[in-house]
Amino acid sequence: MEVESEKLGSVGKVWSFCRKPFWQTTHTPSSSSSSTSYNVHNVHQQNQNNLQSVDRSGQHSSTTVSSVAKSLLPTKRRLRLDPANKLYFPYEPGKQVRSAIAIENTCKSHVAFKFQTTAPKSCYMRPPGGVLAPGESIIATVFKFVEPPESNEKPIEQKSKVKFKIMSLKVQGEIDYVPELFDEQRDQVAIEQILRVIFVDLERPSPVLDKLKRMLAEADAALEVRKKPPEEKGPQVAGEGLVIDEWKERRERYLLAQQQVQGVDSV
């Protein structure tokens, strides 16, 4: 009987264990699996954040690289200069001498140009600036006072520290040139060229000296043309179809004066 009771007791224990709810027997493993999934989610989220930060840093670095590369690229020229990077002056110590440079607008829009120099007290330009239409050109004259040479220096080998700078700025259409244009749109201003001073010996004929004399003559001729008043070109149209004829006005004034004279005589 005791053996049978022990068997029944052991069977009851097994049966009671099997009757326990499933969630009670698997409570501990479920908590471990949930914590594992939570850790995996955190790792995945952290990886996504790292990828986003890498993308942002990559975009920033690419922008920085592009800006640096753009700054290293040569500026597209708006003006064609002749001579390209020098100003030739005849060497005459103690005198004011002249040089010339041709400036041509190579853009499809109007371009303003401006001269600057490191010696504004002894150098000046004519004109100091202006606005050029597409394809238009001008010969500018540059004036400079030549300092006498030092005792230990050959006259023609004297080097000038004076430099000139030509700047350009795109403008909208035909406008009047004012120096303030370059201050108002400073971020759009481009430095076209830095010009060095080169002295030419007047006693030695050279192609450079001949070209300089020819350009100075052309600049003087163009200046004389600009000084002349515009010629009258016959009748002028004013307003909507109103024709003003100078000779007709003179004749009408003359007839009116004659009528007034005749009236006075009759009285």
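Two strands are said to pair if DSSP finds at least two bridges between them. In this predicted model, strands β4 and β8 meet that description, pairing in the antiparallel sense over 7 bridges, and F115 stands opposite I166 in β8. The protein chain holds 6 helices and 11 strands. Of its 267 residues, 22% count as buried. Among contacts between residues at least 6 apart in sequence, 69% join residues at least 24 apart.

**Strand pairing**

- Strands β3 and β7 run antiparallel and are joined by 9 bridges. Within this pairing, Q96 has F145 in β7 as its bridge partner.
- Strand β7 also pairs with β5, in the antiparallel sense, over 4 bridges. Here R126 stands opposite T141 in β7.
- Strand β8, besides its pairing with β4, is joined to β9 by 6 bridges, and β8 and β9 run antiparallel. S168 has A190 in β9 as its bridge partner.
- Strands β2 and β9 pair in the parallel sense, over 5 bridges. F89 stands opposite F199 in β9.

**Nonpolar cores**

- The largest nonpolar core contains 26 residues, and those touching the most other members are L79, F89, I101, I103, F115, F164 and I166.
- At least two residues of this core come from each of β1 (79–82), β2 (86–90), β3 (96–105), β4 (111–117), β5 (123–126), β7 (137–145), β8 (163–170) and β9 (190–200).
- F115 and I166 are thus named twice: they are among the core residues with the most contacts to other members, and F115 stands opposite I166 across the pairing of β4 with β8.
- F89 is likewise among these core residues, and F89 stands opposite F199 in β9.
- Leaving aside residues up to four places away in sequence, F164 touches L87, F89, Q116, T117, C123, M125, V142, Q193, I194, L195 and V197.
- A second core, separate from the largest, has 6 residues, including A112, M167, L169 and F182.

**Helix α5**

- Helix α5 comprises 21 residues (207–227). From its first C-alpha to its last it reaches 31 Å, close to the 30 Å expected at 1.5 Å a residue.
- Its buried residues are L209, L212, M215, L216, A219 and L223. Viewed down the axis of α5, these buried residues fall within an arc of 125°, so they line one face of the helix.
- The elements covering the buried residues of α5 include β1, β2, β3, β5, β7 and β9.
- On the other side of α5, the exposed residues are P207, K213 and V225.

**D220 and its surroundings**

- D220 lies in helix α5. The relative accessibility of D220 is 28%, between the 20% limit for buried and the 50% limit for exposed, so D220 counts as partly exposed.
- Not counting residues up to four places away in sequence, D220 touches R98 and R126. R126 also takes part in the pairing of β5 with β7, where R126 stands opposite T141.
- D220 and I139 are 81 residues apart in sequence, yet their C-alpha atoms are 9.3 Å apart in space.

**Cysteines**

- Which kind of bond does a disulfide make between the sulfur atoms of two cysteines? A disulfide is a covalent bond. In this model, counting pairs of cysteine sulfur atoms within 2.5 Å gives 0 disulfides.
- C107 has a relative accessibility of 15%, under the 20% limit, and therefore counts as buried.
- C123, with a relative accessible area of 3%, is also under that limit and so is buried. C123 is one of the residues that F164 touches.

**Cis peptide bonds**

- Most peptide bonds are trans. Where do cis bonds occur in this model? One runs from D82 to P83, with omega near 0°, and another runs from R126 to P127, with omega near -5°.
- P83 is found in the loop between β1 and β2.
- P127 is placed in the loop between β5 and β6 (129–132). R126, which precedes the cis bond to P127, is also one of the residues that D220 touches.

Conventions
Residues numbered from 1 in each chain as written. Predicted model: local features only at pLDDT ≥ 70, side-chain atom pairs only at ≥ 80, totals over all residues. Heavy atoms only, no water. Core = buried A, V, L, I, M, F, W, Y, C linked by side-chain atoms within 4.5 Å. Buried < 20%, exposed > 50% of the residue type's maximum accessible area, 1.4 Å probe, protein only. Contact = heavy atoms within 4.5 Å. Expected span 1.5 Å × (residues − 1). Arc of directions from axis to C-beta.
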